[in-house]
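Q: Hey, could you walk me through this one? I'm new to it.
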Amino acid sequence: MKLMITKDYQEMSLLAAEAVESVVRRKKNALLGLTTGNTPIGMYHALAEKSRAGELNMRETHIFSMEEYLGIPPDNYQSLYQWLNRVLIEPCGIASERVNRIDGSAPEPQLACQVFDRTIESMGGLDLVVEGIGTNGHIGFNEPMSPPDSPTRIVALSSETQTYNFAYWDELVPAHGITVGLAAIMKAKEIVLIASGSKKAYALKQALEGPVTSEIPASYLQLAPQLTIIADREAASLLTIDKEGGFPCPHSSV
Ligand code: GLP
């Protein structure tokens with residue numbers, strides 16, 4: 001586990017973009033499992049800027065969109081895939097055949113979930129997953145009580161998550177989501193967890209320093225072989241680690 005504490009959101013975003021870039025430079029057709037939410041937006045902007053400037057080529061990467069709302073078709077403005085499309089896929093010129101998403105309006109969504117997991121497996125597993133963290137410790141839409149071996153599936157969104165997601169659109173979101181399961185996330189060759197702001201501090205503390213428990217799905221990341229946490233100072237404010245060089249291998253730029 002490597003912890004990087006940054007002075008602010010901007011620095012968190014740039015370090016996260018560098019982490020993605022380094023995977024893409026090593027493997028141009030890497031499988032990237034990417035999340036939505038506000039936290040990764042700065043990272044996506046940094047990647048899009050580099051792509052536009054010709055400093056980074058992500059055209060051969062395979063993108064896996066990690067979550068969706070059940071019942072929302074991919075061309076709907078509220079679709080999380082569409083969000084990822086706007087901030088990363090289009091600006092980086094990644095062709096649609098390299099993008100894997102679950103259609104929230106698929107007639108058989110459960111089947112679409114199984115196909116999604118099989119695709120990941122058949123392509124050798126995700127090279128990198130970037131996740132944010134929910135205030136209740138969720139990752140993707142793996143809500144509290146998600147088991148570590150959970151497949152990609154339909155989930156009931158907690159009222160906390162629904163309220164949180166309301167703020168993205170100023171509109172109600174569906175009561176159910178579709179999420180890549182913890183199994184595929186945990187099998188990723190590298191995981192980057194990003195967190196910003198004091199509202200994430202308690203969840204991050206529970207995830208990194210609390211017991212590994214399905215009550216805080218992000219706590220399973222403690223067991224991931226290659227985990228990097230990039231958190232700004234506010235999100236890291238409740239961590240009791242010795243920021244000068246103690247557990248768990250901090251690289252602090254503060
Ligand atoms: C949302 C998303 C998660 C995201 C988390 C935090 O519900 N499903 O993928 O990581 O909550 O969102 P934000 O980055 O906007 O704080």
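A: Here is a short chat about the ligand site and a salt bridge.
A: This is a predicted model, where local features need pLDDT of at least 70, side-chain atom pairs count only at pLDDT 80 or more, and totals for chains, interfaces and linings use all residues. Residues are numbered from 1 along each chain as its sequence is written, and side-chain values use heavy atoms, with hydrogens and water left out.
Q: Cool, which residues come nearest to the ligand?
A: Asn38, Thr39, Tyr164, Tyr168 and Lys200, out of 16 residues around the ligand (around here is having a heavy atom within 4 Å of it).
Q: And what does Tyr164 do there?
A: A polar atom in the Tyr164 side chain is 2.5 Å from a ligand oxygen. For Tyr168, a side-chain N or O atom lies 2.6 Å from an oxygen atom of the ligand. These are polar contacts, pairs of N or O atoms within 3.5 Å.
Q: How much of the ligand does the protein bury?
A: The protein buries 99% of the 390 Å² that the ligand exposes when taken alone (accessible areas by the Shrake-Rupley method with a 1.4 Å probe).
Q: Which helix gives the most to the shell?
A: Helix H5, residues 159–169, gives four residues (a helix is a DSSP run of H or I, at least four residues, numbered from the N terminus).
Q: New topic: how many salt bridges are there?
A: The structure has seven, each a side-chain nitrogen of Lys or Arg within 4 Å of a carboxyl oxygen of Asp or Glu. One of them joins Arg25 and Glu21, at 2.7 Å from N to O.
Q: Where do Arg25 and Glu21 lie?
A: Both are in helix H1 (residues 9–26), four residues apart, or about one turn of the helix.

Conventions:
A polar contact is a pair of N or O atoms within 3.5 Å; within protein, one must be able to donate a hydrogen and the other to accept it, and residues adjacent in sequence count only if both atoms are side-chain atoms. Helices (H or I, at least four residues) and strands (E, at least two) are DSSP runs, numbered from the N terminus.
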